[in-house]
Amino acid sequence: MTTGSDPSAPTTRDRARTKGLLLGRPFGIPVYVTSSWLIVAVLITLVYGGIVEGRLALGPSSYLLAFVFAVLLYASVLVHELAHSVVARMYGLPVRRIVLYVLGGVSEIEREAPTPGREFWIAFSGPLFSLILAAGAFGLYQLADPFSVVGELLFQLWIANLLVGVFNLLPGLPLDGGRLLRAGVWKATGRQTAGSVAAAWGGRVLALVVVALPFLLAWSSGGGLSPWAVVWGLVLGGFMWMGATEALRAARVRERVPGLSARELARPAVAVLSETPLAEAERRAREAGVEEIVVTDSDGTVTSIVHPASAAAIADGRRERVPVSSVARAVTAGSPVSVDLRGEELLDVLTDHSLPEYLVVGGGAYGVLRAADVNAVMSGRV
């Protein structure tokens, strides 16, 4: 079972998207559980129920006890994720939500930690609380009858939290240990990207180990290969590989952020009045050697930006009669972008107002910034 925090660039997430059933808002943080949790709950109930029956001979109640354990296990995962989220908010990082799903849970944090020290404590807080829960459950287990219902639950609870805490400390993304490794490499090199790349490759190596582990254990013991172990190894290893690959991709994208510049990406534009015929506006743009056209009112204020696809859809015979304002999209409150913005600051402004184009301003209308051009830079296509 995996858990962890997930700081991601806002451009890769849909802020309005919800995931699963809303359980509540502890500390003001929305907590969702997906329907995939039922898969694990059923598996735990069926597999662990048989074990409980063999140990305690409770009859059908053994499976009820197994289901209660599944609920307690995910409650432990929730505590783990809340630790990540609360520490992140202490450092001023917004937390979008916590999601509990088939393989554990994730805290969706809006931004990455600004320093390796904060990265370390946000990542370490989750495993730390899991180990504290394990220690607490172990202490209570020592006081309980090991062959009682309470004793059985406490035994499984401390073992499960111990495994969650230790497993998540393994040095590879998307596990918490990967973020600890990233913080360490970041601190040593002064480069966050170097830490992310090292931790992502660590995650890929761990994924291969997880997939190979059932085969290695069967070979070393001389016993048979467990189909369940192989399936879970493939599922968990595949999840870790995809998470590490996504982290590697995000690191490479993040490395391009400092190169963003509104001044350099802005396309020069010609300004025309709203009643200007489309054909005339395009003629002026050709004479000026530019592609973009902005529409102004009589006071010279830019009110809209011509949409190229809409303009191209107008038949040649009508271009002399169609006013340019009819093929333009209105400038909204989020459209203006300062020509001096660059890097992370520019990216934050663009993601706060997701639009297909922006009006780059600085001493008047400077030009048009297309979202497609920003995406091309971030993806390395230019």
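This report describes a four-stranded sheet and two helix packings in a predicted model.

## Basis of the description

The model is predicted: local features need pLDDT of at least 70, side-chain atom pairs count only at pLDDT 80 or more, and totals for chains, interfaces and linings use all residues. Residues are numbered from 1 along each chain as its sequence is written, and side-chain values use heavy atoms, without hydrogens and water.

## The sheet

An open sheet of 4 strands has the order β6-β7-β8-β9, with mixed pairing. Strands (E, at least two residues) and helices (H or I, at least four) are DSSP runs numbered from the N terminus; two strands pair if DSSP finds at least two bridges between them. Because β6 (269-273) and β9 (328-330) stand at the edges with a single partner strand each, one side of each has no neighbour in the sheet. On average, neighbouring strands are turned by 35 degrees against each other, direction ignored.

Strands β7 (residues 292-296) and β8 (residues 302-306) run antiparallel and are joined by 3 bridges. V294 stands opposite I305 in β8.

## Helices

Helix α9 (residues 278-288) lies across β6 and β7, at about 150 degrees to β6. Axes are lines fitted to C-alpha atoms, for helices over the stretch in contact (heavy atoms within 4.5 Å), and angles run from 0 to 180 degrees between N-to-C directions.

Helices α6 (residues 192-221) and α7 (residues 227-256) pack at about 170 degrees, with axes 8 Å apart. The two helices are therefore roughly antiparallel (angles over 145 degrees).

Technical notes: Parallel < 35°, antiparallel > 145°, perpendicular 65-115°, else oblique.
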